[in-house]
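This briefing is for a reader who is meeting the structure for the first time. It turns to the enclosed spaces, then to the open pocket and the ligand.

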Amino acid sequence: MTSSSKIQILRTVQQVRQWRHQSLINNQSVGFVPTMGALHQGHCSLVAQSLKENDKTIVSIFVNPSQFAPHEDLNNYPRTLDRDLEILSNQFKNKSIDAIFVPKISEMYPNGIVLEVDKQRGTFVTVHGSSEQLEGVTRPQFFRGVATIVTKLLNIVQPTRVYFGQKDAQQCVVIKNLVKDLIIPTEVRVMPTLRESNGLAMSSRNEYLSKEIKDKSSIIYKALCNGENYYNDKIINHNQNSVDSKKIIKEIYDLIKQEPDFDIEYIAVSHPETLEDLDQVTPGLGAIVSCAVKVPKENSNEKARLIDNIILQ
Ligand code: AMP
């Protein structure tokens, strides 16, 4: 990044507070996009929306340790700060973002942070009821970590609006509950999932995949669309009042199963607000249909875990 750039890089809580104070004095709205970096067009779509809706926009880049279990990919998570700063500086032509918050771990966790939950000390935020199902089944500490870091970030930035991607559907529900329950004066904005041309949801974790596996992984979105088509057909062409969730799940399962190296962790049809399993999907209420699939990583015996979802209306 050049020194003539208008974008301020803020590294401490104190610096963000000063920056925020100035916009408060000027009566300017502030949009905030929290990210873990390794930016792609999905992140950029959130930034673009924030630029549209707010006087000022701030993006954070922080790989949050507390949402990773000890066996997960914290150490290998893609970190591409120089490229990220480049993208944030050059991508937005009409209006520039104003600040990027890149804190050290010690800034966000002044008492330090270990990944083993039972050894952690201090204050953590748990959103009971929407954190345990779906992603929470195999990642029991994930949403506690997410809710904790988002609470800290919202306390620091105090944005008018905060932007999240529908790609992480359960995260959106958890954050909406968090903001409502803790009476945080910020509007939560959820933006559509951006996809590669083959339909694969953009994700920083796609960097783990070879071109071949990226191509094959497009089957995940195709399968979700099969589920959606099945639902729409029953409602529109067969005049059904509701559709059996198991049948929607089967449509999705049968297609993903055609990839022998893919492991389906879950496919779920959930209430859009509570995330409870739905036996039937009814127009009006609709549903979130989500899945997690493990696919082979490039040059490794390990698998990468991809998540995706669609909304039934
Ligand atoms: P992450 O850096 O993975 O924590 O993501 C930061 C934000 O970008 C989250 O709100 C994500 O939901 C959002 N995001 C990630 N991928 C996409 C995508 N493909 N489309 C839209 N938003 C996304």
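How many cavities of 30 Å³ or more does a search of the whole structure find? The search finds two such cavities, and it should be kept in mind throughout that the model is a predicted one. Besides these cavities there are pockets, and the space taken by the ligand is the largest pocket.

**The largest cavity**

- The largest cavity holds about 140 Å³ of space, and its lining is made up of 17 residues, with Glu135, Ala169, Gln170, Tyr266 and Ile307 lying nearest its centre.
- Helix H6 (142-157), helix H7 (169-181) and strand E10 (287-296), together with strand E11 (303-312), each supply at least two residues of the lining of this cavity.
- Sorted by class, the lining of the largest cavity consists of nine nonpolar, four polar and four charged residues.

**The largest pocket**

- The volume of the largest pocket is about 1,200 Å³, and among the 49 residues that line this pocket, those nearest its centre are Met36, Tyr77, Arg139, Phe142 and Arg205.
- At least two residues of the pocket lining come from each of E2, H2, helix H5 (135-138), H6, E5 and E11, and H6 gives the most, with five residues.
- Nonpolar and polar residues each number 18 in the lining of the largest pocket, while 13 residues of that lining are charged.

**The shell around the ligand**

- The ligand is surrounded by 17 residues, of which Met36, His43, Asp168, Leu194 and Met202 are the closest; Met36 is also one of the residues that lie nearest the centre of the largest pocket.
- By class, this shell contains eight nonpolar, seven polar and two charged residues.

**Contacts and burial of the ligand**

- One side-chain contact involves His43, where a polar side-chain atom lies 2.9 Å from an oxygen atom of the ligand.
- The backbone also takes part, with a backbone N or O atom of Gly165 lying 3.0 Å from an oxygen atom of the ligand, and a backbone N or O atom of Leu194 lying 2.8 Å from a nitrogen atom of the ligand.
- Taken alone, the ligand exposes 490 Å², and the protein buries 92% of that area.
- Strand E2 (30-35), helix H2 (41-53) and strand E5 (161-165) are the elements that give two or more residues to the shell around the ligand, and of the elements H2 gives the most, with three residues.

Terms used:
Residues numbered from 1 in each chain as written. Predicted model: local features only at pLDDT ≥ 70, side-chain atom pairs only at ≥ 80, totals over all residues. Heavy atoms only, no water. Near = heavy atom within 4 Å. Polar contact = N/O pair within 3.5 Å; in protein donor to acceptor, adjacent residues only side chain to side chain. Areas by Shrake-Rupley, 256 points an atom, 1.4 Å probe, with all protein chains shown as cover. 1 Å grid on protein atoms, 1.4 Å probe; cavity = no way out; pocket = protein on both sides within 12 Å on 5 of 7 lines; lining within 4 Å. Sits in = over half its atoms within 2 Å of the grid points. Helix = DSSP H or I, 4+ residues; strand = E, 2+ residues; numbered from the N terminus. Nonpolar A, V, L, I, M, F, W, Y, C, P; charged D, E, K, R; others polar. Points joined across faces, edges and corners; volume = space filled by probe spheres on them.
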